[in-house]
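Visitor: Please take me through one part of this structure in detail, together with its surroundings.

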Amino acid sequence: MRCDRIWRHARLATLSPDRPGLGEIDDGLIASLNGRIVYAGAAADAPVDLDAAEIVDCEGRWITPGLIDAHTHLVYGGDRAREFELRLDGASYEEIARAGGGIVSTMSATRATSETELTASALPRLDALIAEGVTTVEIKSGYGLALEAELKQLRAARALSQHRPISIHTTFLGAHALPPEFAHDADGYIDEVCGRMIPAVAEAGLASAVDAFCEGVGFSLTQTRRVFEAARAHGLDVKLHAEQLSNLHGAALAAEFGALSADHLEYLDEDGAAALAGSGTAAVLLPGAFYFIRETQTPPIDLLRRYGVRMALATDCNPGTSPLTSPLLVMNMAATLFRMTVTECLAGMTREAAYALGLGEETGTLQAGKACDLAIWDIERPAELVYRMGFNPLHTRVWRGR
């Protein structure tokens with residue numbers, strides 16, 4: 001079999017669900033053709049006629065699937081460093097939001113920034129993710145909070161893939177906060193999101209999913225249901241910011257609609273965990289936001305384990321509550337703050353993150369037929385990727401076999 005490229009003399013953490021733990025292979029080999037894996041496994045079991053135009057000697061390095069950041073708000077205008085100061089002085093997330101800060105302040109900056117400038121300002125953040133082995137990233141809108149501004153944000157996010165070799169998946173988050181034009185009229189704004197914005201986003205093909213912020217400072221369960229119904233009517237997947245600051249039972253609603261994911265989940269209860277398990281909805285845990293806003297209630301990891309809910313991890317990169325662009329630090333935080341295991345952390349940034357984006361059959365593991373997205377590491381054991389802080393052992397990043 002003639003391939004484009006072969007990586008040999010490698011140790012593999014395949015993350016294959018067919019193998020225990022990380023799916024480790026001591027003397028492994030990966031072969032790719034046309035950007036897809038045609039073989040990933042033990043060198044001794046590889047087809048005898050396997051050959052390639054280029055053969056890469058990994059010299060015993062570890063290969064994992066390329067990392068996946070399944071929840072970001074990477075494209076926005078301005079920053080919120082001043083709010084960081086206020087938070088250090090004792091102001092709460094809710095107090096800042098109700099005083100006109102928070103998401104609405106980023107809205108103003110985003111509306112005032114051109115599409116080209118939004119893309120340009122997001123590139124350094126994207127580069128930071130790429131530098132730590134990220135090959136797929138989800139990017140949400142939600143800082144325009146008006147039709148044209150939301151479309152602008154989504155176009156800017158999509159344009160990033162023209163500048164960097166990476167897979168970009170965009171999500172419409174119009175129901176992120178109440179814009180000033182609809183002050184004291186949340187239902188009126190949801191009318192706008194459902195009746196005008198979602199149809200326009202779907203028609204333009206600018207997003208594959210719709211998200212919402214179901215929270216006391218966001219939108220109610222009833223309003224979120226309307227958003228989900230509109231999304232489904234236009235053929236879009238759904239996901240949800242749920243149970244971050246309180247328990248409004250948003251996770252159960254997400255499960256009812258077969259959502260790809262429910263994210264944050266610090267205040268998730270047992271009924272919510274059972275609902276997620278029943279629907280196959282992934283839990284996306286965001287330790288950066290937990291750390292940054294100094295939350296004290298951790299997500300119920302043991303509950304999620306007991307019900308067999310998929311646990312993904314993500315940076316939640318955003319200007320207000322998680323200005324974080326290090327997936328390696330996310331894994332360390334998940335281990336130290338949430339007490340997740342090394343296997344759970346690495347799976348959370350690869351296999352489970354892929355499922356949280358509806359890409360479980362496309363990427364996230366080292367298996368034949370999947371996209372050849374790899375991260376090659378200068379490490380002695382995979383635990384180093386979770387154990388170290390402020391150290392990046394990435395040797396090579398491969399996207400679509402290149």
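Guide: The account below concerns helix 9 and then the nonpolar cores. The model is predicted: local features need pLDDT of at least 70, side-chain atom pairs count only at pLDDT 80 or more, and totals for chains, interfaces and linings use all residues. Residues are numbered from 1 along each chain as its sequence is written, and side-chain values use heavy atoms, with hydrogens and water left out.

Helix 9 spans residues 270–279; helices (H or I, at least four residues) and strands (E, at least two) are DSSP runs, numbered from the N terminus. At its N-terminal end, Asp-269 acts as the cap, with a side-chain oxygen 3.3 Å from the backbone nitrogen of Asp-271. Within helix 9, Gly-272, Ala-273 and Leu-276 are buried (under 20% relative accessible area; exposed is over 50%, partly exposed in between; 1.4 Å probe, protein chains only). These residues lie on the same side of helix 9 because they cover an arc of only 100° around the axis, the arc being that of the directions from the helix axis to the C-beta atoms. They pack against helix 8 (250–256), strand 11 (261–264) and helix 11 (301–307). The face turned away from this buried side carries the exposed Asp-271 and Gly-278. Just after helix 9, Gly-280 has a positive phi of about 75°.

Turning to the cores, the largest nonpolar one has 93 residues; such a core is a set of buried Ala, Val, Leu, Ile, Met, Phe, Trp, Tyr and Cys residues joined through side-chain atoms within 4.5 Å. Leu-285 is among those with the most contacts inside it. Leaving aside neighbours within four places in sequence, Leu-285 is in contact (heavy atoms within 4.5 Å) with residues including His-264, Ile-301, Leu-304 and Phe-338. A second, separate core of 13 residues includes Leu-12 and Leu-374.

How values were computed. Polar contact = N/O pair within 3.5 Å; in protein donor to acceptor, adjacent residues only side chain to side chain.
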